[in-house]
Each structure stands twice: as C-alpha cells, then as structure tokens.
Amino acid sequence: MLVCVVYFPPSSRADTYVEFFYCFENFGFFDNILICGDFNLPIYDDFGNNKNPLVIELSNFVNLYNLAQFNNTFNCNNKFLDLILTDIDFSHISVWHSDKPLVPEDKHHPALSISICFVADHPNRKNVNISRYDFRRADFLAMWCFFREIDWSFLLNFNDIDKAVFSFYNCLNDVFSRTVPLRQTVTRRFPFWYTTETRRLLKRKARVRRLALKCVNPDSVDEFRALRSAVKYSIQKDYNTYLRLTEKNLISNSRKFWSYFNNTKHNSPNSLYYNNVCYENDGDIANAFADYFKSVFKPSTNYDIKNEFKSNCVGDFVKIDSVTYDDVVLAIRELKSSLTVGVDNIPSFIIKGCAEFFIYPLLILFNLSLRSNVFPYVWKQTRIIPVFKKGDVQDCKNYRPIAILSPMSKIFESIIHKRLFHQVKNLISPSQHGFIPKRSTATNLFCLTNKIISSFQIGSQLDVIYTDFSKAFDSIDFGILLNKLHGLGFHVNLTDWLHSYLCNMSLYVYFNNAVSREFSGTSGVPQGSNLGPLLFILFINDLTSVLKYSECLLFADDLKLFSSMNSNLDAVLLQSDLDCLFKWCTVNKLHLNIEKCIILSYTRKSQPLNHVYKINDLVLSRSDSVTDLGIIFDTKLDFSQHINSMVSKAYRRLGILKRKTKEFSSEIALKVLYYAHVRSSLEYCSIIWDPIYRNKIEIIERIQNNFLRYLLYKKNGIYLQDVSSSYLRDMFNIPSLCSRRDVSCVLFFYKVINGSIDCTDILSAINFAVPARSLRNQGSFPNVYSRCKYIDRFSLYKFYKTFNKISGELDIYHMSPTVFKSNCFQLLYT
C-alpha cells in the first residue's frame, strides 16, 4: 500500500501540480493507494464537474488511478481544501471530523480521523462439487473412432422430437463416458497457474509446520524455513512462466489474455441484497437472483393454435419447411469454438472438431422438430448468468439475465434466424437500427444528427423525446407476439413452432459454481439467444405506424420521437403522437418509465419554444443533455460534456490497464490491450462527436501520450516526460487519434456509398459534385462553407472536405474495401 501526504501552497502554479502527477508515475502501481493532504484548489462538491483547468487535471489523475474522494467535511468557506483520495472500497474506509485534534484546529483545515479496515475476499465461499466432463484431457482419437462407428439412421424412426433428442444425447454420453474423464468443479484452493510441484511443496510445508508447532522434531523448524523459501521461489517461478505464456499466446489466441485480464477482476459480489434481505452464501445468492429474474416476467395471453381463422389464413409467405445439409454445415462452421458449455455440458469446440459426425444427426433432429412444430424441451433448459449493468454491485436489481444456450440449440437457432431474417427483412421498419445487419448505433445517431443540423440551418427547433421502456425484452407477451407474426404472414406451422420455442422454458441461475432452483419464463424473449432479438424487433415493428405527425428512430427498444417546431401546432401534433405511443404500449403490455423519459429541444434560438409534453397526464422532464446510445447530446450539439466524460472513463480504463500489466514486458501484448480496452472507447461513434477545437483534440491525445510514455517506461525502465508525442508515435508505430478519426469518417461514408452500410436516410443526405470543365481542381463532393462552427463539426461536411483533398489518389466508387482502406491509412495517418 502506498501512503502519500501532500501540501500545495496557496496559488501554486500549474507546473507544480503537473510535476506531482508525473512524479507519481515513477512510484509504479500498488494494490492500494492513500493520498491525503492540502491541495488548495477551489473544490465545492464534485471536482469532476469543475471547470477549473487544475481541477480537471486533478480529476484525470484521480480517474487514472481509480481513486475516490472521501472527505465530506467542509471548512469555514464551504470548500474542501484537504482531500482524502484512495482506491480502497468505500465500505472499508471511514473519514469523519475528529473531536479530539492533536493540535489546535485551523478553521480552514478541519481535523480529520481516518479508519481503514482490510477484509479478505469472499469470506463465506463454500465449495460446491459439480461433476463435469474434463474435455481438456479427453482421448480425442478414441472419441473420433467411436463417433465414426455410430449409425445415426435410427433417429429416422422417431416421431417424438423429445425422445429422439434423448436418444441422441444417450449416444453422445456413451462416447464421452469412454473417452472423457470426469472432474469435480470446486472453488479453487490454489491459483490455477500453480504447478503440481508447487502444490506438493505447499502441502508438505503445512505438514511440517504442524509438526514444528507440536515440537515433535527439533529439525522441523529448520525444514519449515527451507520449505517456506522453496515455496516462495516456486510460486514466483510459476507466476513468471504464466505471464510469459499469456503474453506469448496473445498473438495466436487472444482469449487466453482476456481470461487473464478478467481473472484479475473480482466481479462477483461477496453479498447480495434483495427485498431488504442480505444473502452471503453462493447458493442463497443464486436463488435470490432466480427470484428477482422470475419476478420480472409477466403472465402472457393465450395463443390459440387451433383457431380456425389461422388454419384457413391465406398469404402465409413466411415459412420454413425444412433445413438443408448446407444450412447445418454453414451453421457449425460459424459456431465459435470455446469451452463454454450449456445445460448439456458439451463445449462447442467438440462439435466443430467432429462436425462430419454431427451434421447428419442434427439434420434429422432439426427437420423432425420443424415437421412436428415442437422445439425440443432439452434445448429449452437454459443456464442464466447474472451480468452486472451499473450502480451498486450488491443490489440484485442492477443485474440482467443472459442465457447460456447449448451449442446444439445455438446451431438450430442460427439456421432459423438466417432463413427467417431473409424473408422478413423488407418488412422491418427503416427506422429500426438495432440487431440489423449493416446498421449500427452510428447510423442511428447520424440520422438524428442530420435532422438536428438541418433544423439549425433553417433556423428552426427540433424537439426530441427520449423514451425508456422497462424490462422490454423480458415483458414480451407470447400471445401478442405470435398474433403479430401471424399478421405479418407467418405460416401457422412456423408460429406453432415459435410458440413451442418460447413457452415452458426451464431456467436456472448459475453463480460461482452454485445452482439456483428452476423457474419458468412466462414472458419475454431470451437475451443471449439468436432468435430473441429478431422476435423483439418484429414485436415492436408496428409501433412506427401509429406515429402520424412525427418521425422516430429505434435501436431495439431504444425509441426517440422528434419533430420540427415552427409553431404551437407542431407541439400539439407531437403530443398527439405521444398519446398514440402510450396507447400502443398499453395494448401491447409494455411499460414506459415515464420518470426517465426526457425532452431535449435542439435549437440555436435564444428563446426556444418550451412546450409541456405529457404521457398519461404525467409531465415529462426537460434537460440540457441526455445520453443516447453511449453519446452525450446537448441542446447546442457541442459534445463538450461527452468528450469530458469519455476522457474521464478512458483514464480509468488506462489506469486499470497499467495496474493489471505492471509485470508484463511484451510490447505487442500491451498494444493489443490498449487498442481493445482504451482506444476503442475513445473512437466509439467518433463521426458524431469529432471535435474541431485544438484544446479538445489535445485533451484526447493526452491519454494516448500517457500510454506511449508507459510503453517507453516498459522498454527503458524509467519515465521520461520531455519526449515529444510525435517521436513516441513513430517509435511504437501508433498513429494519432485525430488522424484515425479522419480515416474512420472517410471509411464510414465509403461504406454508405458502396452499400456496406444499408441506410437510405444517410445515402440520401450525401450530395455529389457535378464536374465542371472550367474548374482546375474538381472534387468528388461539394465544398460547404459556413461561419457556424456546428457546420464544420458535422461529420458529413468534414468528409466532403477531407476526401476532396485526397480524391486524386482514391477512387471511392471502384476500389475494393481492402485497397481503399489501405490507401486511406497511408494518406491520412500521422
């Protein structure tokens, strides 16, 4: 643990603070950090929202080392001059105003007492024995021979899909019982990278220690000391070997590196609160999760599969009669190879490795399922993993359920999804951008930004209403969904099969080797499945048809309505669409979180039109900013707030990276982790918020410069602060973030023009320049000139300007994606 006491005199220069931040890097990284002292900065409450440049630098430093401020005692001027900064968990540290100061108290510096309690991780864990096949130690040659001898034609004799699947698994388990040893899944006593020799030494040391304490043998003490030294040496040797292998395997298999990175994070809570009850045992926590996830489901209306209207319906053009051999081959080929298992305890890499033996039996089972309109019950047994969202890690309500399906079910769903989407893609609203190939959050946000810019250009106002659905994926009513699908033209056999797929799912929660009681899902589509997102999109698809006077954009369940405001009548019409939206939600049994619905009025006017909008007679709140698909929008489309928030998060991620890789030496490993963990967050949807002001660009570049200095430190062993960033970029072959954003912008519109991004709204917004013989320099796109900075910031106009400079070197219409991207990198990277 590093304890640091600081004092900055009043009116200290900025260089003094920056020098301290730089010097702190030389200390390296510790398990815990405690910094206390007088910073003499004007901090009133949250220094993260302060506009003082020195406070912003302090905020970046705090984020880099994942620190938090714990002093809540104001001085006589209602300020915090003395700060207590630490990365210790809030539940283990207390800071209060001391009533017994050691020296006379200064009114500007109240006396403080600090209490720190260190608690071991997971004190209440219990070992849970679960028998599973250990496929890492399987006899694959023998397995291959056994599979080759099986004649799967007996599956053709079954008419009951559940019995056929049961016999199929009996054959598989018979082979696995002969070729795969069983292992007991228990909570690890030692780290997995300990070798057998190290574990043997630890056990022997424990035995000798017991003998030494009993004074049985005088030589036991000396032997214990020798074993203790040998154990320390062996553990360090094993750990160094593990680190070197992890870095080496990163090039060929990055998953081993990510598993290392995830293993160093403790995401599982020690305790969990649900309904004001605290649970500490793993089994009780798993059951608490199960109770909460079950409470989210709602009773679904009945779907009458014997309805005469359905059987006599005409126009059933969406249907899947059978699955072909090629469908199964392609689905297995696209299956990710991993050791993750579902309820059947069979990893996907076994299916991919023995694909030639699985294709035929799976083809028989899939076609039998479609003929009988029944989805196998075994494949409806689903393991649920609680995934933390945000907020308090010990609050059960801050987790979402993610379904872990068996590989057989994944293959079947993948085939059905591909066949189904091909038939319904033209029925899906163009306003929907979620889970649609060739569309993304970037296309969704660009469409909105284009509407806002157009509104600014004509001096109008655009009112946008951001809505929030409560547990939308888990609230889908089966009966309503299936009736909607039938109305879209789904064949009765397909709707019956989907009814079997959705109903009577058997779920259980898996948490730290503990298994909860089983429960059934009475509503919703499974999150983590292939079919779930598509079914949800089709369920919500008719929502756009009820909006008569306004436009909307969707990303799955993320809905925003907007309309141009030229008079009060436009606001009344938008309110009318809000009423239609609420009526639609009532009919379809989806709940709107009206408290979380927000209105933003985008305008450059000094006196905007502020209409009062309501949903179900509840007034919607107005705001100056909102987070939309991860990007913070403000009413002036400035994005300064988003950039500041993004930089703070990036510093936190960079700090985590540096702490977790303090023992790494591979430059490639560090680069890959930086690209995926830090740089990706700095480039998400950059075409929306790309800054034009130099100060914003430099703030973002500082993060990469910090990482480059860290790479130099790994290479030379010392931190050098006076090395230019351009020199470091050239040394490590890492381009600037600014030039990467320029390349990203050009590539985005290249994909739009060539069809790799399928969005007609974006394509229609692009204007092409008409060649004129009298001009010497003819660009492919028009040059847009404006005295307004928001025009220069708009990504489409930045694309015009950037591409026209290099249009003589690139052919945006005929170059292949690979060649265009390569040439674009060479021309724009710096």
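Strand β12 makes the greatest contribution to the lining of the largest cavity, supplying 3 residues; helices (H or I, at least four residues) and strands (E, at least two) are DSSP runs numbered from the N terminus. The model is predicted, with pLDDT of at least 70 required for local features and pLDDT 80 or more for side-chain atom pairs, whereas totals for chains, interfaces and linings use all residues. Residues are numbered from 1 along each chain as its sequence is written, and side-chain values use heavy atoms, without hydrogens and water.

The largest cavity (on a 1 Å grid over the protein atoms alone, a set of points where a 1.4 Å probe fits but cannot get out; lining residues have an atom within 4 Å of a point) is lined by 19 residues, and Phe297, Leu507, Val525, Pro526 and Gln527 lie nearest its centre. Two or more lining residues come from each of β11 (381-388), β12 (399-404), β15 (505-511) and β17 (519-521). The lining of this cavity comprises 13 nonpolar, 5 polar and 1 charged residues, where Ala, Val, Leu, Ile, Met, Phe, Trp, Tyr, Cys and Pro count as nonpolar, Asp, Glu, Lys and Arg as charged, and the others, Gly among them, as polar. Its volume is about 180 Å³, taken as the space filled by probe spheres set on grid points joined across faces, edges and corners.

In total, 5 cavities of 30 Å³ or more are present in the structure. The second largest encloses about 60 Å³. Its lining residues include Thr449, Ile453, Leu637, Tyr790 and Arg793, and at least two lining residues are supplied by each of α14 (441-457) and α26 (789-793). By class, this second lining has 6 nonpolar, 2 polar and 1 charged residues.

How values were computed: 1 Å grid on protein atoms, 1.4 Å probe; cavity = no way out; pocket = protein on both sides within 12 Å on 5 of 7 lines; lining within 4 Å.
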